[in-house]
Amino acid sequence: MNATRKVYVETYGCQMNLADSEVVQSVMHAAGYGRADSLAEADVIFVNTCAIRENAEARIYGRLGDFKHLKKENPGVIVGVLGCMAERLRMDLMETESHVDLVVGPDEYRRLPGLVDRAFEGEKGIAVRLSRVENYDDILPLRTEGISAWVSVMRGCDKFCTFCVVPFTRGRERSRSLAGVVREVEDLTQKGFREVTLLGQNVNSYNDGGHDFADLLAAVAQVDRSLRVRFTTSHPQDMSDKLIDTIAAHENLCKYVHLPVQSGSDRILELMNRTYTVDHYRKLVERIMTRIPGVSLSTDIIAGFPSETDDDHAATMALMREITYDGAFTFAYSPRENTKAWDMPDSVPNEVKLRRLNEIIDVQREISFRKNQSEIGRVVEVLVEGESKRSAADYCGRTDTNKMVVFPRNGEAPGQVARVAIRRANAATLFGETIGAH
Ligand code: 5AD
Ligand code: SF4
């Protein structure tokens, strides 16, 4: 094995993919490969892909086109497609993209070194078996240094929302061991990380021999009381009171819950197989808000699901105004093969989908602006992440409630918690001045 060969991983899609790419780097590192910091120095290029919507796939196809040119100039380089698109398209991808050497699904990353070795000898490879048990519990992800780290705690999804391809690309739900997660978080704190985000498609279903997600959160919170702990994503169906009380009980568990509602219409929720009604969701939000004072909430919303009417859409916007989310991730419905909704007529015309999407975005912008204005004059605690995108003279970071804050540098260092007095705000960002740091 040539120890100087280097791997470059380009990641698309969700945070779970970012975490998986670190597992991939770790597996390759253990087999003697180095990490390439740029495409130019890569001997192996992996694209970790997303299949959640058609436009995600279109972007990745465009990128694979770039790699085709790159491979003409440098035929020795190996190109591998990893992740959800690999799982969804399998052999087809190999056939349509002739320059792709490897197609490897999310449960087959342990096999990468062997597949890459054979690819260097000219043999193409495909590995797309999904597993009921693979959770990479024993693999310590290879991270770049930083303030904030992703920690995958469970994989897969058993919910089968009718629009969603994830149960097909990532397979059945399975959890890592509580002890394994705690060990990883201990290691992260020793390496100087100040924040961890526990990840799963549906973290509320976490289960390790009777330990549920609330137990896991409590155990992680105790590792280091100054470490900020976040998690995502919660499904409204099984968000227990025990979990809500656990978040409230630990100072370092961030007061922020991402709770996708998808639609504000019971009829659409039923067609989506979301297994809750608007009323159930509303009561859950009330419990969260009462038991966790100052909690911040965000959501996911899909515009233009099959058969959605203007009234259904109006109900979604009314619910957004009622709940006043702190943030919303919004999407136009995109039909995905194999899902149940694929068989429902994609009845909402594209321009209507986009109009509704834009209306939803406008409603959220107005709410976010108003909420952010109400922060003016307050002092918030910000975990300093580093320079702001716009100016090296400014630092940026997030509040416990996940709001982005920008302020002039004033002797603090990344990783510290700065106390920032908020002076102005727009819909996306709070701006202020530090009055201390620790
Ligand atoms: N079309 C549009 N949005 C989708 N999502 C999942 N599948 C689709 C789809 N087919 C959205 C959901 C989910 C988020 C991660 O992506 O809102 O919560
Ligand atoms: Fe997809 Fe629903 Fe599972 Fe989320 S809970 S990954 S939307 S099937």
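**Ligand 1 and helix 12**

An oxygen atom of ligand 1 lies 3.0 Å from an N or O atom in the side chain of Arg53, which is a polar contact (a pair of N or O atoms within 3.5 Å). This is a predicted model, in which local features need pLDDT of at least 70 and side-chain atom pairs count only at pLDDT 80 or more, while totals for chains, interfaces and linings use all residues. Residues are numbered from 1 along each chain as its sequence is written, ligands are numbered from 1 in the order in which they are written, and side-chain values use heavy atoms, with hydrogens and water left out.

**Around ligand 1**

- An oxygen atom of ligand 1 is 2.6 Å from an N or O atom in the side chain of Asp300, and a nitrogen atom of ligand 1 is 2.7 Å from a polar backbone atom of Ser334.
- Taken alone, ligand 1 exposes 400 Å², of which the protein buries 86%, with accessible areas coming from the Shrake-Rupley method with a 1.4 Å probe.
- The residues around ligand 1, meaning those with a heavy atom within 4 Å of it, include Ile52, Phe163, Gln262 and Tyr333.

**Helix 12**

- Helices are DSSP runs (H or I, at least four residues), numbered from the N terminus, and in helix 12 the buried residues (under 20% relative accessible area, 1.4 Å probe, protein chains only) are Asp312, His313, Thr316, Met317, Leu319, Met320 and Ile323.
- These residues cover an arc of only 155 degrees around the axis, which puts them on the same side of helix 12, the arc being that of the directions from the helix axis to the C-beta atoms.

Notes
Polar contact = N/O pair within 3.5 Å; in protein donor to acceptor, adjacent residues only side chain to side chain. Buried < 20%, exposed > 50% of the residue type's maximum accessible area, 1.4 Å probe, protein only. Helix = DSSP H or I, 4+ residues; strand = E, 2+ residues; numbered from the N terminus.
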